Amino acid sequence: VDGFSLDVRAGEIVGVAGLFGLSDLGKGAFSLCELIDLCEGDPPSARPAIPSHVQSLQLLRAGEAIDEAERASVLTGLARLIAHLTAEVGAAAPKA
């Protein structure tokens with residue numbers, strides 16, 4: 001699956017999750033969209049993070065079947081990863 005297709009699918013999950021009240025799943029899918037966008041900057045650690053992001057979505061799909069604190073922990077981990085990769089892309093960007 002190419003990055004564009006994955007980005008489209010993640011965007012669809014964001015929309016559908018909202019329809020079914022799965023806001024944490026939507027947040028996780030949006031984070032996946034951010035990760036895919038970061039892959040365009042080609043940080044070495046971005047692409048290997050995609051499978052773990054997908055696994056996180058599978059956990060979040062359970063909704064309230066998992067504890068709210070656990071869902072928050074998953075989302076915090078995804079946010080930290082995105083922040084780290086964003087900083088990595090910024091550090092690798094040519095300085096003007």
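**Buried charges and a nonpolar core**

Reader: Is D24 buried or exposed?
Author: The model is predicted: local features need pLDDT of at least 70 and side-chain atom pairs pLDDT 80 or more, whereas totals for chains, interfaces and linings use all residues. Residues are numbered from 1 along each chain as its sequence is written, and side-chain values use heavy atoms, without hydrogens or water. Buried stands for under 20% relative accessible area, exposed for over 50%, and partly exposed for what lies in between (1.4 Å probe, protein chains only). D24 has a relative accessibility of 15%, so it counts as buried.

Reader: Which residue forms a salt bridge with D24?
Author: A salt bridge needs a side-chain nitrogen of Lys or Arg within 4 Å of a carboxyl oxygen of Asp or Glu. Here the closest N and O atoms are 2.7 Å apart, and the partner of D24 is R71.

Reader: How many residues apart are R71 and D24?
Author: Helices are DSSP runs (H or I, at least four residues), and strands are runs of E (at least two), numbered from the N terminus. The protein has four helices and zero strands. R71 is in helix α4 and D24 in helix α2, so the pair links distant parts of the chain, with a separation of 47 residues.

Reader: Which residue meets E12 in a salt bridge?
Author: The whole structure has two salt bridges. E12, at 40% relative accessibility, is partly exposed. Its partner lies three residues away in helix α1, about one turn of the helix. At 3.1 Å from N to O, that partner is R9.

Reader: Which helix gives the largest share of the largest nonpolar core?
Author: A nonpolar core is a set of buried Ala, Val, Leu, Ile, Met, Phe, Trp, Tyr and Cys residues joined through side-chain atoms within 4.5 Å. The largest one has 20 residues, with L32 and L35 making the most contacts inside it. α1, α2, α3 and α4 each give two or more residues to this core. The largest share, eight residues, comes from α2.

Reader: What is the relative accessibility of H53?
Author: H53 sits in helix α3, residues 49-60. Leaving aside neighbours within four places in sequence, H53 is in contact (heavy atoms within 4.5 Å) with residues including L32, L35 and L81. H53 counts as buried, at a relative accessibility of 0%.

Reader: What is the relative accessible area of F20?
Author: F20 is found in the loop between α1 and α2. F20 counts as exposed, because its relative accessible area is 62%.
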